[in-house]
Structures are given as structure tokens and as C-alpha cells.
Amino acid sequence: MKLRIEKPVYGGAGLAHQTEGKDTGRAVFVPFTLPGELIEANITEKSTGHDEAALLHVLEPSPNRVKPECPHFGQCGGCQYQHADYPAQFAIKQEILRETLERAGIVGLPEITVHSAEPWRYRNRIRLRINSANGSLEGGYNRRGTNEFLPIQHCPIAAPLLWRAALAFKEIGAEASAAGRCAREAVEVEFFCSDGEKKLQMTVFTAKEHAGGFGELCERLHSVVPELAGAAPAVIIGKAQSRKAQKTKPLTGWGTDGFLYSVAGEDYWVNRGSFFQMNRFLIDKMVHVVTKQRTGQLAWDLYAGVGLFSRALARSFEQVTAIEIAGTDLVSTFKGPGKKAITSTTADFLRAASIQRERPELVVMDPPRAGVGAEVCSLLAKIQPQQITYVSCDPVTLARDAKVLLDSGYHLTELHLLDMFPQTFHMETIAVLKR
Ligand SMILES: C[S@@+](CC[C@H](N)C(=O)[O-])C[C@H]1O[C@@H](n2cnc3c(N)ncnc32)[C@H](O)[C@@H]1O
């Protein structure tokens, strides 16, 4: 059927309405299309409220349509927007952000300030699936919309060092040595590089404990990729629906457990498995936007990770308290006069703080995709910090949480869109709420 794409929807598709047949007027989501395009598509799936369709032909292309840089685009589950030039990707994300907030009932939005950088080779971390067949290795990602293995020759959004390491790992996997045998036991491998690609960390995931040779594998890889600073094997325990839910048993590693990552004049110790922002070109900017011109007595950094914002805030606040559920490293690195790190859930911390009637001038919160949720919003509404800076990687949960905070007396004064994930539908938003 022929469809005219009206607008983009969150997730990467374009929205159209059917103009023929019994389902005339029904909404259809078509991936790899752009607003304004006339396309031909086939319905592939019926969902509640809309159908999903596959693009067959672009009959009238958008002026923003470009040839994708990656040969795997369309098949690989990683990228959704390589068919759009970069300014168009940006415009799409702004429109989606604005619409998502308005749909949640948030009106009178401030202008969205946009921040972007180099849209390729930006990722400082990749995790590849490994397929070992006939004595050699293939690295790959998930085929789009499935758990199927898709062999990948090159990933143009990964930092060059990560791909150089992946190729070297693959070559070692073809060797008859102990290192080669050990590489062939891998089911997944993760590479993480520091700023300026100076250092590299590797995690090798296996289905069962290595029979041996891990040290040899690391030494061999180090001989061709001297940036390798540390590595560890990890055994995947049981079967999980997603990587997030996956449990692993970490084993003794090789070299260091992490490295120093420099951001905006601060050196952060990041362990290989710890969360760290992934766009190596925009982390400085992100810290700047979150912490600039904020001064006072007390600031809280909730969901603090390795303390990316806490450290910068400690320069301008008398006291900064960082809260992190997996806070072991943070507690040992974020200390000294005016600095406190607490291993706790945000909700537990806020419950105790609200009883003690603590009231910071600034709360920075950067939760995982699920957002902060109703309880954290209602505790914050009770504590009433002067300013809440909400860093979000999901506009839908941001809109839900922001609406609760706005209804409790806050005003949305700044909105920033940081394109931390070019070529994909993901976006990072910084929303500033003041009383
Ligand atoms: C998106 S990351 C942000 C980390 C940090 N702000 C940064 O930019 O590097 C979210 C962090 O929240 C932590 N986390 C997840 N659930 C939490 C909870 N309920 N309470 C506190 N921290 C939590 C995770 O371990 C992770 O480090």
C-alpha cells in the first residue's frame, strides 16, 4: 500500500495513516522512512492502536534522505537513522521530545537548546556477540528485532580502537595456541576505551568457566593492541531475557580493573563494568550543561554512577552528597572535605533525608531508562529543593516524572537535547526545574 509519512515517532519509525481498504484511517509505523516521504509498504504486524509495516520502496524521497554509511544498516539492531542526514536526525529528535512532553500535559515548553558533536566513531564501549565456527571467530550484533546473530564487518559508530581490538580478538581466535582456544570459548566480548583512546578494557563473557589460557589471550592481544590495560572473564549465569537482566560471575582478571577517564579537567576512576556515559565527544559538554553556574551550600547527585556530576559540583558547592546503588567505587573515590558518597537506593536516601528535613539547593538526578518514578517524585515534592536538574535517556519516562514535579509547584525553565547517540533513536535530555 502507498503511504505518506506524516511525522517521526519515538523508536525510529515514521507515522502514516492508511488511505485505502477496510483499515482506512488506521495508524501505521514504518521504520527507515522520513517525514513527507511517499512510500510503498507492507503491513507486517497488527498492534493495539496501530499497525507495523515494512518499507518496500521510497516513491518520493525526502531531500534529507542519504545513503547509509554502514553496510549492515537496516539489518543490524543498533542504528535506526543512518538514512537521514545529520541535521534531519536532530530535527526529528527535537520534534519527538517536544511532542512527548506536550502529550504528557506539559505546556509552555522553553526553547530546546541542542548540543551535538561528531556523529560517527563516538561510542567508547561496544559489546559484540561471538560466533565460533570451524576454528575461527565472527563478531556480531543482534539482527534487528530478533535475538539472531548478525555478523558485522565494521561498526562506524564505534571508536576506532574498539574495532581494532575486535579484529585482533577475531584473528587470535583463529590461532591454534592457548590464547586462540580461550578466545573461541567466548560468547560475547565487551571493549571499553578511555578518552583519547589511550587505554582499553576488555570483558570476555563465556557460558562456563574458561578451561585456561586467559592470561595468554590477554598477553597476545596486548602484543598487537598495546592500549589493553586490563581484562577479565565473566561467566554468564542462567538465561536472561535481556543483557540488563543478565547475571554474571566475575573471575580474576589480567592487568588493571579500570582506568582513569578525563572529563572537563577531572580524572575519574572507571571500573571496566561500571556505567559510564558512552559518547566520548559529548561528556564534557554534558557535565558543563548540568553543573554550570550552579553554586550553593548543598547539592545532591542522585544515581551518581562514578560521580561524573558530583566531582564538578564539588567545585562550587560547600557540600555534595552522591547517592549510587552500586556505590562501592564511588565511596572510595569521592571523599574529602565537602564530599560524601552513600551506597543506597535513591528512594531509601530520600525517605531518610525527608525525615531529617534536609533541603539542598540543587538536586541532579540521572536515572536509568525507567526514570525516577512516583515515590521519588513525591519525596522530592516534599523536600522541595530549589532546583532539580533531571538528566534523562528516555523522553517518555522524563515526561511522566516531570509532569508530577510540575504539578507539585516546579517550573520547567531549561530544556537541553544532547545527541549522545547519533544514527540511533536514543536521545539524552537535560530538564531544569525550579520552584
Ligand atoms: C544513567 S546512569 C548515570 C550515572 C552518572 N550520573 C553518570 O552520568 O555517569 C544511572 C546510575 O544509577 C544507578 N542506579 C540504578 N538504580 C538506582 C537506584 N534505585 N538508586 C540509586 N542509583 C541507582 C546505576 O547503577 C547507574 O550508575
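Where is the place of Arg357 in this chain? Arg357 sits in the loop between α8, residues 346-355, and β21, residues 362-365. I start there since it is a small oddity, and I will come back to it. Please keep in mind that this is a predicted model.

First, the chain as a whole. The secondary structure of the protein chain comes to ten helices and 24 strands. The C-alpha trace spans about 70 × 65 × 35 Å along its principal axes. A compact globule of 435 residues would have a radius of gyration near 22 Å, and the protein chain has 23 Å, so the two agree. Of the 435 residues, 42% are buried. Now take the contacts between residues at least 6 apart in sequence: 58% of them join residues at least 24 apart.

Next, the start of the chain. The unreviewed UniProt entry annotates residues 1-57 as "domain: TRAM". How much of that span is helix, and how much is strand? The span is 0% helix and 56% strand, and its end C-alpha atoms lie 10 Å apart.

Now one helix, α4, which covers residues 214-224. Its buried residues are Phe214, Leu217, Cys218, Arg220 and Leu221. Around the helix axis they cover an arc of only 165 degrees, which means they are on the same side of α4. What covers them? The cover includes two helices, α2 (160-172) and α3 (178-184), and two strands, β13 (228-237) and β15 (254-255).

On to the ligand. How many residues surround the ligand? There are 18, and the closest are Tyr303, Gly305, Leu308, Ile325 and Asp366. By type, the shell divides into twelve nonpolar, four polar and two charged residues. Helix α6, residues 308-313, and strand β19 each supply at least two residues of that shell.

UniProt, again in an unreviewed entry, lists Gln277, Tyr303, Glu324 and Asp366 under "binding site". I will take two of these in turn.

Gln277 is in the loop between β17 (266-271) and α5 (283-291). Is Gln277 buried or exposed? A residue counts as buried when 20 or more other C-beta atoms lie within 10 Å of its own. Gln277 has 22 other C-beta atoms within 10 Å, so Gln277 is buried. Leaving out residues up to four places away in sequence, Gln277 touches Ile283, Met286, Leu308 and Met420. Leu308 was also among the closest residues to the ligand.

Glu324 is in strand β19, which runs over residues 317-324. Glu324 has 27 other C-beta atoms within 10 Å, and therefore it is buried. Apart from neighbours within four places in sequence, Glu324 is in contact with Tyr303, Ala304, Gly305, Leu330, Ala341 and Thr343. Tyr303 is itself on the UniProt "binding site" list.

The unreviewed entry also lists an "active site", Cys393. Cys393 lies in the loop between β22 (387-392) and α10 (395-407). It has 20 C-beta neighbours inside 10 Å, so it counts as buried. Not counting residues up to four places away in sequence, Cys393 touches Arg369, His426 and Glu428.

Now a residue with fewer claims on our attention. Thr295 is in the loop between α5 and β18 (296-302). With 13 other C-beta atoms within 10 Å, Thr295 is partly exposed. Its contacts, not counting residues up to four places away in sequence, are Ser316 and Phe317. How far apart in space are Thr295 and Val58? The pair is 237 residues apart in sequence and 53 Å apart in space, C-alpha to C-alpha.

Finally, back to Arg357, as promised. Its phi is near 55 degrees, a positive value in a residue other than glycine. Arg357 has 8 C-beta neighbours inside 10 Å, so it counts as exposed. A second arginine, Arg121, has a positive phi of about 55 degrees as well, and is not a glycine either. Arg121 lies in the loop between β7 (112-115) and β8 (125-133). Arg121 has 17 other C-beta atoms within 10 Å, which makes it partly exposed. To put the pair together: Arg121 is partly exposed, while Arg357 is exposed. That is where I stop.

Technical notes: Residues are numbered from 1 along each chain as its sequence is written. This is a predicted model: local features need pLDDT of at least 70, side-chain atom pairs count only at pLDDT 80 or more; totals for chains, interfaces and linings use all residues. UniProt positions are given in the numbering used here, feature names are shortened, and annotations may be inferred rather than shown by experiment. Helices (H or I, at least four residues) and strands (E, at least two) are DSSP runs, numbered from the N terminus. A residue is buried if 20 or more other C-beta atoms lie within 10 Å of its own, exposed if 12 or fewer, and partly exposed in between; C-beta atoms are placed from the backbone. The arc is that of the directions from the helix axis to the C-beta atoms. Two residues are in contact if their C-beta atoms, placed from the backbone, lie within 7 Å. The radius of gyration is taken over C-alpha atoms; the globule rule is 2.2 Å times the number of residues to the power 0.38. A residue is near a molecule or strand if its C-beta atom, placed from the backbone, lies within 6 Å of it. Ala, Val, Leu, Ile, Met, Phe, Trp, Tyr, Cys and Pro count as nonpolar, Asp, Glu, Lys and Arg as charged, and the others, Gly among them, as polar.
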